[in-house]
Amino acid sequence: MGVDTSENYTDPSGLLKAVDVTSKTETAVCDLGGQPDAVATNGDFVAVAIENERDEDRGDGRTGQMPAGFLVLVNIINGRLACDSLKTIDLTGLANISPEDPEPEFVDINDLGEVVVSLQENNHIVVVSAEGRIIHHFSAGDVDLAGIDATDAGGALIFKESQPGRLREPDAVRWIDNDHFATANEGDMDGGSRGWTIFNRNGRVVYESGPSFEHALVQIGHYPDKRSDSKGVEPESIETATLGTTPMVFVGAERGSVVGVYDVTDLARPVLRQLLPSGIGPEGYVAIPERNLLISANEVDGREDGAAPAHIMIYRLAQAPAQYPMLTSAGAKQLIGWGAISGMAAGEGGTIHAVSDGFYGDQPSIFTIDVSTFPARVTDATRITRQGRPAQKLDLEGIAPDGDGGFWLASEGNTEKQIPHALYRVDANGEITTEIPLPAELLAVERRFGMEGITRVGHTLWMAIQREWQDDPANHARLIAYNLITRQWGAVHYPKEVPAKGWVGLSEISAYGNHVYIIERDNQISANAAIKLLTRVPLEQMRPVPLDSKPAVVSKEVVRDLLPDLARTKGYIQDKVEGLAIFPDGTAWLSTDNDGVDSHSGETLFWSIGQL
């Protein structure tokens with residue numbers, strides 16, 4: 001293992017350590033003479049990329065900061081590191097970009113003992129023999145990108161921009177066979193082509209993914225919109241292995257938290273077989289082909305924010321249908337970006353309508369979802385408009401058909417961001433035709449956590465308030481009502497579970513039969529998740545009390561504990577169960593909100609629990 005012992009950028013240092021995993025003791029320690037980044041071995045020797053990384057706060061963060069990086073080779077003799085065999089390979093003078101300051105990023109060794117080294121910031125690749133002789137070196141080149149979102153537009157997924165001549169700037173590199181290797185083109189200085197490439201060992205491009213890898217992540221809701229003006233999904237990791245008889249390349253997106261599984265039987269025409277959710281911030285992957293396993297290591301530790309701790313994910317190749325994704329826009333007439341699914345409602349002909357929440361504040365949308373296939377498919381996106389322009393200042397959390405081809409929408413509201421707590425009626429084209437703000441009596445006691453879900457019962461709209469407002473008793477949230485005929489407001493109180501940790505709130509409300517169904521959940525994730533419930537309240541108790549009176553308390557019945565549903569994929573338990581749609585036959589569908597892939601793994605679970 002490489003150990004960085006550097007105290008500053010101008011005097012980098014590091015060690016190469018060998019550890020006996022049985023006795024847990026160090027068997028050798030070699031002084032590398034610089035700051036290590038990546039390590040590879042073939043059993044005969046170890047190759048170490050000595051990056052000697054630059055100070056990004058100095059000189060505009062550019063390359064050209066000494067000392068230069070280099071490559072180290074150390075022999076293994078009788079199973080032990082032979083530190084006295086350490087050889088330093090000079091890589092200066094090779095790249096066209098900052099040739100005096102190579103920054104080796106990643107290394108891999110093929111069956112011939114040849115080492116491929118990526119110089120990410122220099123946009124260069126070097127192939128070195130086992131003896132340390134430079135065999136080939138060449139620029140990693142550039143890519144013309146089209147159909148991408150290159151602007152952080154405050155939550156608008158618009159894939160109509162282009163970036164000609166985008167430098168690849170590869171990070172990880174892995175041999176596929178003795179003549180070909182693949183790179184993950186994360187980028188850093190001026191590049192990042194959002195994809196991956198297969199090179200011949202002499203530098204000829206055999207395959208270039210272009211934006212297709214990123215588009216695949218867009219379709220499954222894993223696109224990190226806040227990274228649009230940087231490097232998009234940032235493919236950082238790459239792994240290769242032959243599982244069974246099929247050669248595969250695994251491409252990991254650091255920001256999209258997905259690994260793409262490619263069949264590279266035909267190196268010039270790889271086939272994307274599967275996309276796997278790989279936890280938050282995956283940094284590296286290891287394949288164990290003899291056990292048909294792929295393992296991802298995830299660096300983000302979100303425990304301070306109530307999220308998942310740093311963890312690993314283990315996948316096994318199986319002869320069974322893929323479990324993920326559960327929702328995709330693949331097959332739509334155009335590329336549809338989506339995420340942060342919140343409120344849902346059943347539509348006509350086996351479709352569901354869903355809204356995205358305030359993360360996509362500049363592009364509030366209603367998605368049409370076909371649930372007749374697996375995965376379910378987003379077939380259309382209706383943009384919410386006001387006077388023909390994209391509506392702003394909305395945080396959509398609920399949707400209900402208005403009975404006339406349009407919808408009622410509930411916006412949660414956020415006074416600090418000047419987002420009003422309000423109801424909106426839109427026509428079939430998404431144009432806002434009616435806006436109804438919450439009354440003064442409610443606004444006087446409002447808090448940040450507002451309406452989550454909306455449903456229509458006859459002439460009455462019912463909305464769930466997520467948590468207690470200022471004059472609510474502890475562990476009680478309001479269900480508020482608006483009569484479309486009398487225009488009167490009212491409310492009842494809903495008794496919530498008492499959490500052992502964090503808070504509990506309401507996420508959705510949907511009427512069916514003689515009840516209204518409610519999602520009640522805590523804000524905990526992974527092993528801390530304890531309360532993820534589907535409950536129901538009899539309609540006969542849904543009698544709103546005027547706002548100047550004390551609301552009556554309804555009784556609830558737990559219909560289903562959702563924790564087993566959330567655990568069935570064997571990943572960590574998701575936090576936000578936020579969508580519920582119930583068809584006329586009682587078939588219920590649920591979904592989770594992936595927060596727009598912001599400090600989140602991007603996973604959206606979308607599933608049916610059958611008939612209620």
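**Exercise 1. Thr460**

In which strand is Thr460 found? State whether Thr460 is buried or exposed, and list its contacts beyond four places in sequence.

*Solution.* The model is a predicted one.

Step 1. Thr460 belongs to strand 38, which covers residues 460-465.

Step 2. The relative accessibility of Thr460 is 16%. The cut-off for buried is under 20%, so Thr460 counts as buried.

Step 3. With neighbours within four places in sequence left aside, Thr460 is in contact with Thr455, Ala481, Tyr482 and Asn483.

**Exercise 2. A buried charge, Glu169**

Locate Glu169, find the nearest side chain of opposite charge, and identify the backbone nitrogens that the side chain of Glu169 reaches.

*Solution.*

Step 1. Glu169 sits in the loop between strand 14 (161-167) and strand 15 (173-175).

Step 2. Glu169 is buried and has no salt bridge. The nearest side chain of opposite charge is that of Lys231, 6.8 Å away. A salt bridge requires the nitrogen and the carboxyl oxygen to be within 4 Å.

Step 3. Two backbone nitrogens are to be checked. A polar atom of the Glu169 side chain lies 2.5 Å from the backbone nitrogen of Asp188. For the backbone nitrogen of Met189, the distance to the side chain of Glu169 is 2.9 Å.

Step 4. The surroundings follow from the contact list. Not counting residues up to four places away in sequence, Glu169 touches Gln120, Glu121 and Asn123, among others. The list also includes Asn185, Glu186, Gly187, Asp188, Met189, Asp190, Gly191 and Gly192.

**Exercise 3. The covering of helix 1**

How many of the 8 residues of helix 1 are buried? Name them, and say which strands take part in covering them.

*Solution.*

Step 1. Helix 1 spans residues 212-219, and 6 of its 8 residues are buried, so the helix is mostly covered.

Step 2. The buried residues are Phe213, Glu214, His215, Ala216, Leu217 and Val218.

Step 3. An α-helix has 3.6 residues a turn, so residues three or four places apart point the same way.

Step 4. The cover over the buried residues of helix 1 includes strand 13 (142-148) and strand 17 (196-200). It also includes strand 19 (235-243), strand 20 (246-253), strand 21 (258-263) and strand 22 (271-277).

Step 5. After helix 1 comes Gly221, which has a positive phi, near 80°.

**Exercise 4. Salt bridges**

How many salt bridges does the count come to? For the pairs Glu56 and Arg54, Glu234 and Arg255, and Arg560 and Asp565, give the N to O distance and the exposure of each partner.

*Solution.*

Step 1. The count comes to 31 salt bridges.

Step 2. Glu56 and Arg54 meet at 4.0 Å, N to O. Glu56 is exposed, with a relative accessible area of 53%, whereas Arg54 is buried at 5%.

Step 3. Glu234 and Arg255 form a salt bridge at 3.3 Å, N to O. Because Glu234 lies in the loop between helix 1 and strand 19, and Arg255 in the loop between strand 20 and strand 21, the pair ties together parts that are 21 residues apart in sequence. Glu234 is buried, with a relative accessible area of 1%; Arg255 is partly exposed at 33%.

Step 4. In the salt bridge between Arg560 and Asp565, the closest N and O atoms are 2.8 Å apart. Arg560 is partly exposed at 30%, and Asp565 is buried at 10%.

Step 5. Shared partners join Arg54, Glu56, Glu103, Glu121 and Asp188 into one network of salt bridges.

**Exercise 5. Two open sheets**

Give the strand order and the edge strands of the sheet that contains strand 24 and of the sheet that contains strand 47.

*Solution.*

Step 1. One open sheet has 3 strands in the order 23-24-25, paired antiparallel. Its edge strands are strand 23 (282-288) and strand 25 (311-316), each pairing on one side only. Neighbouring strands of this sheet are turned by 20° against each other on average, direction ignored.

Step 2. Strand 23 is joined to strand 24 (residues 293-298) by 6 bridges. Across this pairing, Tyr285 stands opposite Ser296 in strand 24.

Step 3. Another open sheet has 3 strands in the order 46-47-48, with antiparallel pairing. Strand 46 (577-582) and strand 48 (606-611) are the edges. The average turn between neighbouring strands here is 20°, direction ignored.

Step 4. Strand 47 (residues 587-592) pairs with strand 48 over 5 bridges. Leu590 stands opposite Trp607 in strand 48.

Conventions. Residues numbered from 1 in each chain as written. Predicted model: local features only at pLDDT ≥ 70, side-chain atom pairs only at ≥ 80, totals over all residues. Heavy atoms only, no water. Helix = DSSP H or I, 4+ residues; strand = E, 2+ residues; numbered from the N terminus. Buried < 20%, exposed > 50% of the residue type's maximum accessible area, 1.4 Å probe, protein only. Lys, Arg positive; Asp, Glu negative; His and termini not counted. Polar contact = N/O pair within 3.5 Å; in protein donor to acceptor, adjacent residues only side chain to side chain. Contact = heavy atoms within 4.5 Å. Pairing = 2+ DSSP bridges. Axes fitted to C-alpha atoms, helices over the stretch in contact; angles between N-to-C directions.
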